[in-house]
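Me: I am new to this structure and would like to know how its descriptions are justified. Can we go through the surroundings of the ligand step by step?

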Amino acid sequence: MSKLPLDRILQSQGFGTRKWCQRLIEDGDVAIAGEVIADTRSSFETGNLEFSVYGEPWRYREHVYIALNKPVDYECSRKPSHHPGVLSLLPEQFALRDVQPVGRLDHDTTGLLLMSDDGSFIHAQSSPKRHVPKVYVATTHDAVTPQLVGHLLTGVKLHDEPAPLAAIVCEKLDEHRLKIVLEQGKYHQVKRMLAAAGNHCVALCRIQIGGLKLETLGLMEGEWCYLEEPQRELLTAA
Ligand code: URA
C-alpha cells in the first residue's frame, strides 16, 4: 500500500489534471469518511480508500476492470466515426484514466464487452495464444439447418485466412438462432463464418467470455459494473 497526497490520488482516478484536482480539494468538493479535506497536501493510504467528489462516493482503484452490456449502435473504436463510442456509456473519469475496450465488438453487436486501463490485462485477454472461448448467440436470416451447424463445426474457409475456421460448439437454439462458441477473435468472425456457410447474421450478442456469463452480471443494455478478482478469474476458465 502506498501513501499519496490527495491531489495525486484524485488525478490517478481520472478527476483531471493535478491543478484541477487541487481546485476541487480547495473548493471543499472532496470528502473522506464524511469529512471535507481542503488541504491538497493531506496524504492517505490508497488501498481501498473511500472518498467522495461532489458528494458522489468512489473507491480508489489502482486499475479498473469493467464489464459493459453493449447496446447496438455504439462503436468500440477510440475515435468513433458513425456512432457514439462505448466510453460515452461510462463515467467520464474512465476515459481520463485511459480505459479501453478489450478487443472489439461490431457497432451492431450487443453483449459482454470488457474494458480496462490495465495494459497487461488488456494484452493478456487479447492474446491469440490464450484460447479463451467466447460464446455468441447469432440470429440468422435463413432458417438454421443441420448442414449449417455441421459446416460451422467442421470449418469454413474465410478470405485472408490460411486455414478453415471452425466453431468449437455450435447448437441450434431455435428456427433462427444459433449458439456459437469460438476460440479466436478474427475480424467479423461470426458474421463472416455464417456468410461463408451460406446464411446471413442479422443480429449478434456475446453472452459469455471464458466462464463469465453476461446473465450473472444482471446488467441491462448500456449498463456496466466493476469486475472484482473472483469474476476476473472466471475469464480464463471455460
Ligand atoms: N464476430 C462478429 O462477426 N462480430 C462481432 O462483433 C464479434 C464476433
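Reply: A polar contact is a pair of N or O atoms within 3.5 Å. The model is predicted. In this model an oxygen atom of the ligand is 3.1 Å from a polar backbone atom of lysine 191, so this pair counts as a polar contact.

Me: What makes the pairs of the ligand with histidine 188 and glutamine 189 polar contacts?

Reply: For histidine 188, a backbone N or O atom lies 3.2 Å from a ligand oxygen atom. For glutamine 189, the distance from a backbone N or O atom to an oxygen atom of the ligand is 3.4 Å. The limit is 3.5 Å, so both pairs qualify.

Me: How much of the area that the ligand exposes when taken alone does the protein bury?

Reply: Taken alone the ligand exposes 240 Å², and the protein buries 96% of that.

Me: Which residues surround the ligand, and why are they divided into 4 nonpolar, 3 polar and 2 charged?

Reply: Around the ligand are Leu105, Asp106, Thr109, Tyr136, His188, Gln189, Val190, Lys191 and Leu204. Leu, Tyr and Val count as nonpolar, and Asp and Lys as charged, while Thr, His and Gln fall among the others, which count as polar. The division is therefore 4 nonpolar, 3 polar and 2 charged.

Me: Where does the shell come from?

Reply: Helix α6 (residues 189–196) gives the largest share, 3 residues. At least three residues come from each of domain 2 (65–128 + 212–236) and domain 3 (134–209).

Technical notes: Residues numbered from 1 in each chain as written. Predicted model: local features only at pLDDT ≥ 70, side-chain atom pairs only at ≥ 80, totals over all residues. Heavy atoms only, no water. Near = heavy atom within 4 Å. Polar contact = N/O pair within 3.5 Å; in protein donor to acceptor, adjacent residues only side chain to side chain. Areas by Shrake-Rupley, 256 points an atom, 1.4 Å probe, with all protein chains shown as cover. Helix = DSSP H or I, 4+ residues; strand = E, 2+ residues; numbered from the N terminus. Domains from an automatic or database assignment.
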